[in-house]
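Me: I have a structure open and would like to practise reading it feature by feature. Could you walk me through it?

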Amino acid sequence: MLLHIEPDTGHVAILSFPRDLIVNVPGYGRRPINEAFELGAEPLALSTMKQLTGVQINYLIPVDFRAFNRIVGTFGGVWLPIDRRYYNVNDGTEAHNYMSINLQPGYQLLRGNDSLA
């Protein structure tokens, strides 16, 4: 995710990149964008993003799923437009071995694991 905070107005803009977006990772060729951090930590992730966007990135903050939930909780949730029904119960079978999710369509405030899902 690329986050821009405008200090004068307090506005925040976020651009999310799909983790499997194929990009040119310097020195490694075309690979999913999430591999840049895995292959070269912060320096390679930053250079990959700069090459992709043309934007000089000032800071990189690695965030895992637990930290994401805590950040969203700090702000009281996140408002998102959910485009359709999302439903999965992870019962351990191959067909359903994904995160459990149960969201209805519509603009809504999501908290905790729902925001991550």
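Reply: Gladly; we will go through confidence, a helix, the core and a few side chains.

Me: Before anything else, what is the mean pLDDT of the protein chain?

Reply: As a general idea, where pLDDT is low, the predicted coordinates should not be read in detail. This is a predicted model, and the mean pLDDT of the protein chain is 91, with 100% of its residues at 70 or more.

Me: Which elements have the lowest and the highest mean pLDDT?

Reply: Helix α3, residues 112-116, has the lowest mean, 84. The highest, 97, belongs to strand β3, residues 22-25.

Me: Let us take α1. How do I judge its span between its end C-alpha atoms?

Reply: Compare that span with the straight case. At 1.5 Å a residue, a straight helix of 19 residues would span 27 Å, but α1 spans only 17 Å between its end C-alpha atoms. Then look for a bend: α1 has a kink of about 140 degrees at A41, shortly before the proline P43.

Me: What is the phi of A41?

Reply: The general idea is that most residues other than glycine have a negative phi. A41 has a positive one, near 50 degrees, and is not a glycine. This residue sits within α1, which runs over residues 35-53. A41 counts as partly exposed because its relative accessible area is 30%, between the 20% and 50% cut-offs. Just after α1 there is another positive phi, about 80 degrees, at G54.

Me: Which residues of α1 are buried?

Reply: In an α-helix, residues three or four places apart point the same way, because there are 3.6 residues a turn. Here the buried residues of α1 are A36, L44, A45, T48 and M49. Their cover includes β3 and β4, the latter being residues 29-32.

Me: T48 is on that list. What does T48 contact away from its sequence neighbours?

Reply: Leaving out residues within four places in sequence, T48 is in contact with V23, N24, V25, P26 and A36. T48 is called buried because its relative accessible area is 1%, against a cut-off of 20%. A polar atom of its side chain also lies 2.7 Å from the backbone oxygen of L44.

Me: Which residues make up the largest nonpolar core?

Reply: That core has nine residues: L2, F17, V23, V25, I33, A36, L44, M49 and I57. β3 and α1 each supply at least two of them, and the largest share, three residues, comes from α1. To see the surroundings of one member, take L2: beyond its neighbours within four places, L2 is in contact with A13, I14, L15, F17, T53 and I57.

Me: Now another part of the chain. Is N88 buried or exposed?

Reply: N88, in strand β6 (residues 86-88), is buried, because its relative accessibility of 12% is under 20%. Not counting residues up to four places away, N88 touches H96, Y98, M99, S100 and I101. With M99 there is a polar pairing too: the backbone oxygen of M99 is 3.3 Å from a polar atom of the N88 side chain.

Me: How far apart are the C-alpha atoms of N88 and V23?

Reply: They are separated by 30 Å, with the two positions 65 residues apart along the chain. A similar check from T48 to I101, 53 residues apart, gives 32 Å.

Me: And α3: what does the side chain of S115 reach?

Reply: The S115 side chain reaches the backbone oxygen of G112 at 2.6 Å. S115 lies in α3 and counts as buried because its relative accessibility is 8%, under the 20% limit. Apart from neighbours within four places, S115 is in contact with F68, N69, V72, V78 and L110.

Me: What about L116: where is it found?

Reply: L116 is in α3 as well. At 24% relative accessibility, L116 is partly exposed, and its contacts beyond four places in sequence are F65, F68, N69 and M99. The C-alpha atoms of L116 and N69 are 6.9 Å apart, although 47 residues separate them along the chain.

Me: One last side chain: which residues does Q108 touch?

Reply: Outside its neighbours up to four places away, Q108 touches V78, W79, L80 and I82. Q108 belongs to strand β8, residues 106-110, and its side chain reaches the backbone oxygen of G106 at 3.1 Å.

Conventions: Residues numbered from 1 in each chain as written. Heavy atoms only, no water. pLDDT = per-residue confidence, 0-100. Helix = DSSP H or I, 4+ residues; strand = E, 2+ residues; numbered from the N terminus. Buried < 20%, exposed > 50% of the residue type's maximum accessible area, 1.4 Å probe, protein only. Contact = heavy atoms within 4.5 Å. Polar contact = N/O pair within 3.5 Å; in protein donor to acceptor, adjacent residues only side chain to side chain. Expected span 1.5 Å × (residues − 1). Bend = angle between axes of the 7 residues up to and from the residue. Core = buried A, V, L, I, M, F, W, Y, C linked by side-chain atoms within 4.5 Å.
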